[in-house]
Amino acid sequence: MDVSPIIDPLNDAQREAVTAPNGHLLVLAGAGSGKTRVLVHRMAWLMQVDQIPPTGLLAVTFTNKAAREMRHRIEDLLKLEGRGMWFGTFHGIAHRLLRSHWQDAGLPENFQVLDSDDQLRMVKRVMREMQLDESRWPPKQAQWFINAQKDEGLRAEHIQQNPGDLYTNTLLKVYQRYQSLCQQSGLVDFGELLLRSHELWLHRPELLAHYQRRFRHILVDEFQDTNTIQYAWLQVLASNRVPLTVVGDDDQSIYGWRGAKVENIQQFNTDFPNARIVRLEQNYRSTGLILKAANAVIANNQGRLGKELWTDSQDGEPISLYAAFNEQDEANYIADSISDWVRQGNLRRESAILYRSNAQSRVLEEALVRQGIPYRVYGGLRFYDRQEIRNALGYLRLVHYRHDDAAFERVVNIPPRGIGAKSLQDLRDLARDQSLSLWQAAERLLEAGAVKGRARTGLGSFIEIILELSERAQSATLKELTEQAIRQSGLRDYHGSEKGEKGQARVENLDELINAMAEYEVEDEAQDPLAEFIAQAALDAGESQADEHEDSVQLMTLHSAKGLEFPLVFLAGTEEGLFPHSMSLEEPGRLEEERRLAYVGITRAMKKLVLTYAESRRMYGQEKFNALSRFVREIPGDCIQEVRLRNTVSRPAMVQRANEGLFSSQPPAETGLQLGQRVRHPKFGEGIVMNCEGSGHHTRVQVNFDDGAKWLVLAYAPLEPC
DNA sequence: GTGGCCTCTCTTTTT
DNA sequence: GAGAGGCCAC
């Protein structure tokens with residue numbers, strides 16, 4: 001057997017990881033150290049050398065994109081179809097298990113996956129039922145509470161009531177009521193998928209044993225992003241029967257705020273004491289200086305597992321630091337730089353602009369538009385999150401499963417058919433009192449003649465539509481069914497008549513959905529295709545299928561940049577308050593997470609990194625004078641070259657003042673000016689210094705001349721003290 | 001059901 | 001200061 005294609009392209013550490021005996025393995029993989037490659041090659045090794053059949057492998061990732069990419073690469077490497085291997089996200093795999101074992105999991109066969117939008121609706125409904133004041137008890141917060149508990153593996157009945165703690169007690173009640181409503185309507189939210197499949201292991205040992213025999217090895221990507229319940233799920237499944245390979249980087253853990261536990265990496269050592277540990281520290285991505293900067297920044301974090309990236313490559317160009325006058329200047333500078341770079345024969349798509357928060361993208365986009373540079377913004381509204389799509393899916397969900405209350409609430413009055421808040425409330429009341437689904441409640445009310453007038457007609461025709469579609473579903477293809485649902489429900493006309501281009505765009509999206517249905521391939525023949533499509537729509541929000549063919553600059557948040565790399569990277573808005581974000585300054589833990597985010601950002605760059613910040617920035621409607629980010633100050637001086645426009649005034653002084661963290665309205669000392677001082681201007685004559693803003697070459701002072709106050713840029717309008 | 005007005009907030013986001 | 005979400009009036 002020739003294993004050279006599997007091990008030849010690897011360095012020593014990578015090879016050690018790939019060829020480790022079929023036992024527990026922890027791979028600490030630094031940024032750009034070939035983590036995915038190791039995972040893929042290890043799968044190949046296990047199949048070829050340890051003779052594990054494809055069906056014996058389970059590979060778990062966090063995003064559908066990562067799962068697809070892995071499948072792709074293994075098929076490429078082994079020139080075979082990955083059929084039989086289980087690839088998927090934690091949620092996807094949990095869902096698959098629950099579908100197969102719905103009875104053991106205590107679910108109805110037709111259970112539906114509830115996405116966060118629908119979840120919020122359900123939470124609101126429960127809270128209204130409980131007559132909680134929405135301003136005092138924000139539904140979003142309750143939703144967050146429920147998800148956080150589920151992420152920790154806790155059911156409402158596991159959580160201790162605390163007599164004095166009104167907050168927890170109230171939210172607990174919401175949790176409890178929400179849960180029973182979901183159970184009754186056959187709805188399973190994201191957290192519930194994980195929690196339930198964990199319970200499935202615990203309550204059905206024979207099932208667990210079955211899967212433990214089936215899986216001969218489990219591989220987990222981005223292990224630092226696992227939360228408590230995910231870890232528990234893995235731990236029970238693997239225990240001491242199924243070997244685990246987990247790959248992660250504690251320095252790239254940036255999702256603590258949504259429940260990820262970096263500690264799981266340390267815990268792994270304890271729970272699996274015989275696990276082998278391999279560190280991948282050689283970086284193949286970035287230049288020497290970029291790596292040096294990244295190492296220096298991350299070294300300021302405490303309690304790391306310890307890893308220091310190194311590279312064979314040259315130092316490369318120094319990192320540029322541009323101090324912009326304001327956010328406009330920053331955006332223009334970046335757009336100019338990209339123009340230059342493209343003029344030198346580079347591709348736009350090889351450059352990326354990264355920022356901490358989405359709000360920053362607008363100014364950047366405007367500057368790119370002005371210069372006619374095509375760009376693509378990542379992470380916008382996803383296809384299945386669009387209203388019109390969710391409405392169409394709402395109808396289909398009801399066709400599939402009438403007791404899906406979330407879908408019922410969503411579309412019963414869309415398009416409007418006279419079923420207002422009052423009628424809906426009657427339905428909810430009846431449903432609650434008699435433990436019925438909204439669908440059943442509607443039937444009862446109609447039979448009893450308890451609804452009158454427009455509401456009666458509307459509700460009647462709504463039910464009629466669903467019934468007719470259900471009939472049609474028996475014989476029609478998915479595509480035909482969807483087409484009819486969109487037409488017959490009135491959604492097409494309703495969205496089409498929305499004013500402006502919006503209406504047209506919505507209809508186009510609906511057509512796109514019909515196309516997607518036509519192309520949809522059923523993965524599991526045994527499954528009802530409609531059921532499968534609906535679940536997929538909830539679990540895979542549909543990678544924004546933007547035209548990737550056009551050569552465009554990539555704009556995204558630092559979070560979405562994880563896992564990607566670009567020859568040229570701009571990191572915009574490196575200012576205190578923005579990055580690190582002001583909301584993470586209080587807790588040291590949050591600040592460390594921000595620092596890891598900085599580490600992620602820096603290590604995205606292959607050849608050239610440009611940091612920019614604005615001395616003055618409009619935020620929340622106010623002019624803010626933020627100091628240079630501490631993360632930039634943590635980079636050794638010899639890695640950085642400060643870029644200034646010409647006519648520079650005293651660069652060191654500017655940097656010093658930035659480092660001191662403050663820009664005052666007092667002009668810099670080296671200008672020889674002070675507030676209140678008399679100065680002479682060659683053209684305007686004598687005046688008094690009233691105010692100062694900015695620093696460095698952008699320093700502007702306000703001077704009161706005889707004919708009024710003027711703002712002057714010091715660099716261009718030298719003032720003489722007099 | 002829509003439009004206008006008021007208030008409130010103001011990260012990061014996958015499933 | 002902008003955008004979202006809630007509320008009220010027509």
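Contact here means heavy atoms within 4.5 Å. The legends below describe close-up views of a predicted model.

**View 1. Helix 7 and the elements packed around it.** Helix 7 runs over residues 139-151, 13 residues in total. From its first C-alpha to its last it reaches 18 Å, close to the 18 Å expected at 1.5 Å a residue. Which residues of helix 7 are buried? They are Pro 139, Ala 142, Gln 143, Phe 145, Ile 146, Gln 149, Lys 150 and Asp 151. An α-helix has 3.6 residues a turn, so residues three or four places apart point the same way. The buried residues of helix 7 pack against four helices and one strand: helix 6 (116-129), helix 8 (166-185), helix 9 (190-203), helix 11 (228-238) and strand 5 (187-189). After helix 7 comes Gly 153, which has a positive phi, near 80 degrees.

**View 2. Lys 292 and its partners from another part of the chain.** Lys 292 sits in helix 13, which spans residues 288-298. Is Lys 292 buried or partly exposed? Its relative accessibility is 37%, so Lys 292 counts as partly exposed. Leaving aside residues up to four places away in sequence, Lys 292 touches Pro 636, Asp 638 and Cys 639. With Asp 638 there is a polar contact of 2.9 Å between the two side chains. Cys 639 is 347 residues from Lys 292 along the chain, yet their C-alpha atoms are separated by 7.6 Å.

**View 3. The protein surface around DNA strand B.** There are 26 residues around DNA strand B, and those that come nearest are Asn 64, Arg 356, Arg 382, Thr 557 and Arg 590. By class, this surface has 13 polar, 7 nonpolar and 6 charged residues. Which parts of DNA strand B lie within 4 Å of the protein? Of the strand's atoms within that distance, 54% belong to sugar or phosphate, and the rest belong to bases.

**View 4. Side chains at the bases and phosphates of DNA strand B.** Two of the side chains shown approach base oxygens. A polar side-chain atom of Arg 590 lies 2.6 Å from a base oxygen of DNA strand B, and a polar side-chain atom of His 91 lies 3.4 Å from a base oxygen of this strand. For Ser 560, a polar side-chain atom is 3.5 Å from a phosphate oxygen of DNA strand B. Helix 25 (558-561) and helix 26 (588-602) are the elements that give two or more residues to the surface near the strand.

Technical notes: Residues numbered from 1 in each chain as written. Chains lettered and ligands numbered in written order. Predicted model: local features only at pLDDT ≥ 70, side-chain atom pairs only at ≥ 80, totals over all residues. Heavy atoms only, no water. Buried < 20%, exposed > 50% of the residue type's maximum accessible area, 1.4 Å probe, protein only. Polar contact = N/O pair within 3.5 Å; in protein donor to acceptor, adjacent residues only side chain to side chain. Expected span 1.5 Å × (residues − 1). Near = heavy atom within 4 Å. Nonpolar A, V, L, I, M, F, W, Y, C, P; charged D, E, K, R; others polar.
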